[in-house]
Amino acid sequence: MLTTLFLILYIAIIFTVAVVIINTATPPKAIAYLFLLIFFPIGGIIIYLTVGINHRTYKLYNKKLEVDKSIFIELKEQLKNYTKKTLSTSKIQLKHFYNLSKFIHQENVLTSNNKVSLLLNGERKFPEVIKALKAAKNHIHIEYYIYQNDTIGKQIGAVLKEKAAQGVKVRFIYDDFGSKDIRKSFVDSLIESGVEAYPFYKIKWLLLANRINYRNHRKIIVVDGQVGFIGGINVSDRYINPNKFNRYWRDTHIKIEGLAVLNLQRVFLADWNFCADQNVIVKEELFPVDKQEITSDHTQLVQVISSGPDSDHPDIMYALIQAILLSKKEILITTPYFVPRASFLDALKIASLSGVNIKLLVPSVSDSKLVNGVSNSFYKEMLEIGVEVYRYKKGFVHAKTMIFDELISSVGTANLDERSFELNFEVNALVYDKELAFQLKEAFLEDLKHSEKIDIKQWNSRSVFIRFAERVARLLAPVL
């Protein structure tokens with residue numbers, strides 16, 4: 001009996017090894033899974049079957065990619081032509097980042113005539129969100145990775161129900177893993193009130209979920225096609241300071257008014273048609289180009305970039321690398337998880353060695369011990385090439401922002417790790433505007449007041465055991 005079990009396990013390991021080698025796109029990720037299978041065979045098989053299968057190669061996401069490409073064809077062509085015009089008239093404003101703004105496919109278009117407002121933390125974001133939702137006249141589109149049925153979740157839910165009762169079309173997408181707490185009664189109450197609500201690819205067996213890797217990490221709100229919200233803040237009380245968790249939560253969101261909202265709309269509706277199995281088409285009420293009011297304070301250039309298993313390329317990662325390599329003076333980075341790909345790491349090294357001043361702000365303690373250890377393993381080589389690394393001590397920093405040469409800002413949902421660059425559905429906004437860059441830099445410098453700068457000598461003097469454990473954990477970086 002025991003011999004038979006060992007034989008079955010041996011065959012299972014060989015089969016899983018073959019699947020990993022055939023289906024894993026990048027060698028580092030394949031090596032990480034093989035490491036798990038060799039040293040922890042049973043656990044390695046379970047982990048790979050749970051989170052490692054590359055669904056990009058399967059019909060599910062191929063179908064979404066095909067649907068995304070087939071819809072809104074006319075709109076995409078109009079936006080593409082609009083981008084060419086915007087580029088031709090904005091070359092002086094774009095300065096040495098002109099080639100970054102050219103980094104587009106048909107989807108990642110550059111728009112002018114936008115007003116962008118910075119919203120720091122939930123206490124600034126949610127009042128603006130509720131105000132915008134209450135002012136909705138035609139439709140509300142909302143899409144979140146984490147939506148909790150707590151105080152703020154109930155408040156927003158009540159507004160959604162109220163607007164649906166008034167005849168406003170409300171469409172709601174929630175990630176079935178990240179928002180698992182609302183899967184039943186909360187969502188049912190929304191639907192009963194006239195809200196259309198769908199999970200982003202439903203998980204049938206939550207405890208045995210094999211699609212944890214491929215989740216919708218986007219956080220999008222679109223109101224009447226004219227006001228949009230994007231950033232790192234989910235719908236949860238923990239994002240509002242002070243909170244019952246007694247942990248200060250530092251995060252960043254932005255509100256966009258103007259033409260860039262139309263591209264957020266496009267991203268949402270592509271996800272909606274996939275989740276709801278509908279075919280919502282382009283119409284004026286969803287894409288009200290003529291109603292976009294252009295005033296003297298609507299001057300920002302904005303490029304919305306989405307990527308994930310539904311895109312041909314990791315566009316967010318490519319755009320950030322391009323911005324790093326085009327920077328001449330300064331790069332300010334805030335991220336809760338620093339587990340970068342080798343290409344991203346090399347770009348930072350090239351920039352720093354070329355004289356660009358780079359500051360990296362990360363949590364003092366992450367919400368994951370494993371990720372914390374992996375991130376720690378990268379700091380030594382960052383410090384050695386001149387990057388200043390700061391650890392936030394006031395609470396947990398969850399913002400995902402980058403500021404390049406006090407001119408370009410990136411705000412969105414993507415962390416600096418493999419999961420965001422390749423495995424999850426993400427969306428970022430690149431804002432080409434000095435004023436927003438200045439505001440974000442001021443916030444960054446304020447955050448540094450509550451942070452500890454890592455001293456390379458002290459960092460290298462940590463115990464050999466700790467540094468060895470971090471290097472071992474780093475072997476798993478490609479699968480985190």
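The following paragraphs describe the overall make-up of a predicted model, then selected strand pairings, one buried residue and two helix contacts.

The protein has 480 residues, of which 58% are buried. Its secondary structure comprises 18 helices and 19 strands. When contacts between residues at least 6 apart in sequence are considered, 81% of them join residues at least 24 apart.

Strand β3 (residues 169-175) is joined to β4 by five bridges, and the two strands run parallel. Within this pairing, Tyr-174 has Pro-199 of β4 as its bridge partner. Helix α10 (residues 185-192) belongs to the same unit as these strands: β3, α10 and β4 form a right-handed β-α-β unit. Strand β4 itself, spanning residues 196-200, is mostly covered, with four of its five residues buried.

Strand β5 (residues 220-223) pairs with two other strands. With strand β2 (residues 139-144), β5 shares four bridges in an antiparallel arrangement, and Glu-143 is found opposite Ile-220 of β5. The pairing of β5 with strand β6 (residues 227-231) is also antiparallel and likewise extends over four bridges; here Val-222 is placed opposite Gly-228 of β6. Three residues lie between the strands in the hairpin of β5 and β6, and Asp-224 in this hairpin adopts a positive phi near 55°. The side chains of β5 point in two directions, Ile-220 and Val-222 one way and Ile-221 and Val-223 the other, and all of these residues are buried.

Strand β12 (residues 357-363) contains Ile-358. The relative accessible area of Ile-358 is 1%, and the residue is therefore classed as buried, the cut-off being under 20%. Apart from neighbours within four places in sequence, the contacts of Ile-358 are Ile-331, Ile-333, Leu-348, Ala-351, Ser-352, Gly-386, Val-387 and Glu-388. Leu-332 is separated from Ile-358 by 26 residues in sequence, yet the C-alpha to C-alpha distance between them is 5.9 Å.

Two of the residues in contact with Ile-358, Leu-348 and Ala-351, also take part in a contact between helices α12 and α13. The axes of α12 (residues 315-326) and α13 (residues 342-353) come within 9 Å and cross at roughly 10°. Angles under 35 degrees count as roughly parallel, so α12 is roughly parallel to α13. On the α12 side the contact is made by Met-317, Leu-320, Ile-321, Ile-324 and Leu-325, and on the α13 side by Ser-343, Phe-344, Ala-347, Leu-348, Ile-350 and Ala-351. By class, 10 of the residues in the contact of α12 with α13 are nonpolar and one is polar, with no charged residues.

A second helix pair is formed by α14 (residues 369-384) and α18 (residues 464-474), whose axes come within 8 Å and cross at roughly 105°. Since angles of 65 to 115 degrees count as roughly perpendicular, α14 and α18 are described as roughly perpendicular to each other. In α14, the residues Leu-370, Gly-373, Val-374, Asn-376, Ser-377, Phe-378 and Glu-381 meet Glu-470, Arg-471, Ala-473 and Arg-474 of α18. The residues of the contact of α14 with α18 comprise four nonpolar, three polar and four charged. Charged residues are thus present in the contact of α14 with α18, whereas the contact of α12 with α13 has none.

Terms used
Residues numbered from 1 in each chain as written. Predicted model: local features only at pLDDT ≥ 70, side-chain atom pairs only at ≥ 80, totals over all residues. Heavy atoms only, no water. Buried < 20%, exposed > 50% of the residue type's maximum accessible area, 1.4 Å probe, protein only. Pairing = 2+ DSSP bridges. Right-handed = clockwise from strand over helix to strand, strands pointing away. Axes fitted to C-alpha atoms, helices over the stretch in contact; angles between N-to-C directions. Parallel < 35°, antiparallel > 145°, perpendicular 65-115°, else oblique. Contact = heavy atoms within 4.5 Å. Nonpolar A, V, L, I, M, F, W, Y, C, P; charged D, E, K, R; others polar.
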